[in-house]
Amino acid sequence: RTLTTVPPLRFTSRCVLRSSAPVRLPTQIESPAVSVREYDDVTCLGRQAAYGAGFVLPESYRHPFKRRLRNVAFAEWAPRFVREPPPATARLEGPAYLLDSYVRGHFGHALTDQVGHFWGWRVALERHPDLRALVFTQPGTSLATWELDLLVAGGVDADRVVVAHEPTSVDTLVGSSPLFGMPAYVHPTIATTYAEVGTRLAALAGSGDASPRRLFCSRRPGKRSCHNAAEVESLFAAHGFTVVFPE
């Protein structure tokens, strides 16, 4: 069942870009229609993967407009076909809203993948007052503090967040199209989500003169690490920047 649909929209980018080398970005952006949908009797696997009776839910794919849809939670059988996934070993009673992420626990992916689904929560909550948000973590682990803070800033009360660790069947699952499908599109209505999340996080942070005026966003060692991170950070610090790790 489709609960609501936001029509497609073509708009002009307001981006102002300064770059050390020429970069070409589109000035006209085509945003597809997005919707909030409801399904009965589905199984969620983690990594935002979910399936029903003979079909994979579109919410399973973080790049829904690619020609080849892939999610490692499913074993591909042929183009647009997968082998039957494992059955559920746990059950969640009542309605749930899928807010899981394909790359959960990664700050950048939370902002680009997960936040784009916050918009449907309010729509689903009006229909289901007892709604809960469903996310997955590895067995024996829980959400990081910043992950829960982000969900709360997105309008989800902490006591409504359900953390699953194994394939879980759900009576009624509500899902949504992402308002940001990197790198294919962004829907301008996501500006409302960004404003609400930013306002709530700012309220948590408080105010004061101690807040830095110049920020250099760095990242922890790992994938795509900077080879001379310490040197780069020291250079920016010498110019009055405060080095921060956004997560």
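Here are some worked exercises on a predicted model.

**Exercise 1: the main core**

Find the residues with the most contacts inside the largest nonpolar core, and work out which elements supply it.

*Solution.*
Step 1. Start with the size: the largest nonpolar core holds 25 residues. Tyr97, Leu99 and Phe118 are the ones with the most contacts inside it.

Step 2. Now look for the suppliers. At least two core residues come from each of these: strand S4 (34-46), helix H2 (119-127), strand S9 (132-136), helix H3 (145-153) and helix H4 (190-205). H3 gives the largest share, four residues.

Step 3. Set this core apart from its neighbour. Another core, of 14 residues, lies apart from it, and its members include Val42, Ala50, Leu57 and Val170.

Step 4. For background, nonpolar side chains in soluble globular proteins tend to be buried together.

**Exercise 2: around Leu99**

List what Leu99 touches once its neighbours within four places in sequence are left aside.

*Solution.*
Step 1. Take the partners in sequence order. Leu99 is in contact with Gln114, His117 and Phe118, then with Ala133, Leu134 and Val135, and finally with Leu151 and Val156.

Step 2. Cross-check against the core: Phe118 is, like Leu99 itself, among the residues with the most contacts inside the largest nonpolar core.

**Exercise 3: H3 and its two helix partners**

Work out how H3 is oriented against H1, and then against H4.

*Solution.*
Step 1. Take H1 (residues 107-114) to begin with. The axes of H1 and H3 come within 11 Å and cross at roughly 20 degrees. Angles under 35 degrees count as roughly parallel, so H1 is roughly parallel to H3. The crossing is right-handed.

Step 2. Pick out the residues that touch. H1 brings Phe107, Ala110, Leu111 and Gln114, while H3 brings Trp146, Leu150 and Leu151. Sorted by class, this contact has six nonpolar residues, one polar and no charged.

Step 3. Move on to H4. The axes of H3 and H4 come within 8 Å and cross at roughly 120 degrees. That angle makes the pair oblique to each other. Here, too, the crossing is right-handed.

Step 4. List the contact again. From H3 come Asp149, Leu150, Val152 and Ala153, and they meet Glu196, Val197, Arg200 and Leu201 of H4. The class count for this contact is five nonpolar, no polar and three charged.

Step 5. Compare the two lists: Leu150 turns up in the contact with H1 and in the contact with H4.

**Exercise 4: backbone oddities**

Locate the cis peptide bond, and say where Asp41 and Arg47, which have positive phi without being glycines, sit.

*Solution.*
Step 1. Go through omega. The peptide bond from Met182 to Pro183 is cis, with omega near 0 degrees. Pro183 belongs to the loop between strand S12 (180-181) and strand S13 (185-186).

Step 2. Go through phi. Asp41 has a positive value of about 55 degrees, though it isn't a glycine. Arg47 also has a positive phi of about 55 degrees, and it isn't a glycine either.

Step 3. Place both. Asp41 is in strand S4, whereas Arg47 is in the loop between S4 and S5.

Step 4. Classify their accessibility. Exposed requires over 50%, so Asp41, at 56%, counts as exposed. Arg47, at 39%, counts as partly exposed.

**Exercise 5: sequence gap against distance in space**

For Leu92, Gly108 and Pro64, set the separation along the chain beside the C-alpha distance to the partner residue.

*Solution.*
Step 1. Leu92 and Arg213 are 121 residues apart in sequence and 46 Å apart in space. Leu92 sits in strand S8 (residues 90-98). Buried means under 20%, so Leu92, with a relative accessible area of 8%, is buried.

Step 2. See what surrounds Leu92. Beyond its neighbours within four places in sequence, its contacts are Arg132, Leu134, Val162, Thr168, Ser169, Val170 and Asp171.

Step 3. Gly108 and Glu247 are 139 residues apart in sequence, yet their C-alpha atoms are 8.4 Å apart. Gly108 lies in helix H1 and is partly exposed at 31% relative accessibility.

Step 4. Pro64 and Thr172 are 108 residues apart along the chain, with 22 Å between their C-alpha atoms. Pro64 is in the loop between strand S5 (49-51) and strand S6 (76-78), and its relative accessible area of 31% makes it partly exposed.

Note on methods
Residues numbered from 1 in each chain as written. Predicted model: local features only at pLDDT ≥ 70, side-chain atom pairs only at ≥ 80, totals over all residues. Heavy atoms only, no water. Core = buried A, V, L, I, M, F, W, Y, C linked by side-chain atoms within 4.5 Å. Buried < 20%, exposed > 50% of the residue type's maximum accessible area, 1.4 Å probe, protein only. Contact = heavy atoms within 4.5 Å. Axes fitted to C-alpha atoms, helices over the stretch in contact; angles between N-to-C directions. Parallel < 35°, antiparallel > 145°, perpendicular 65-115°, else oblique. Left-handed = near helix turned anticlockwise from the far one by under 90°. Nonpolar A, V, L, I, M, F, W, Y, C, P; charged D, E, K, R; others polar.
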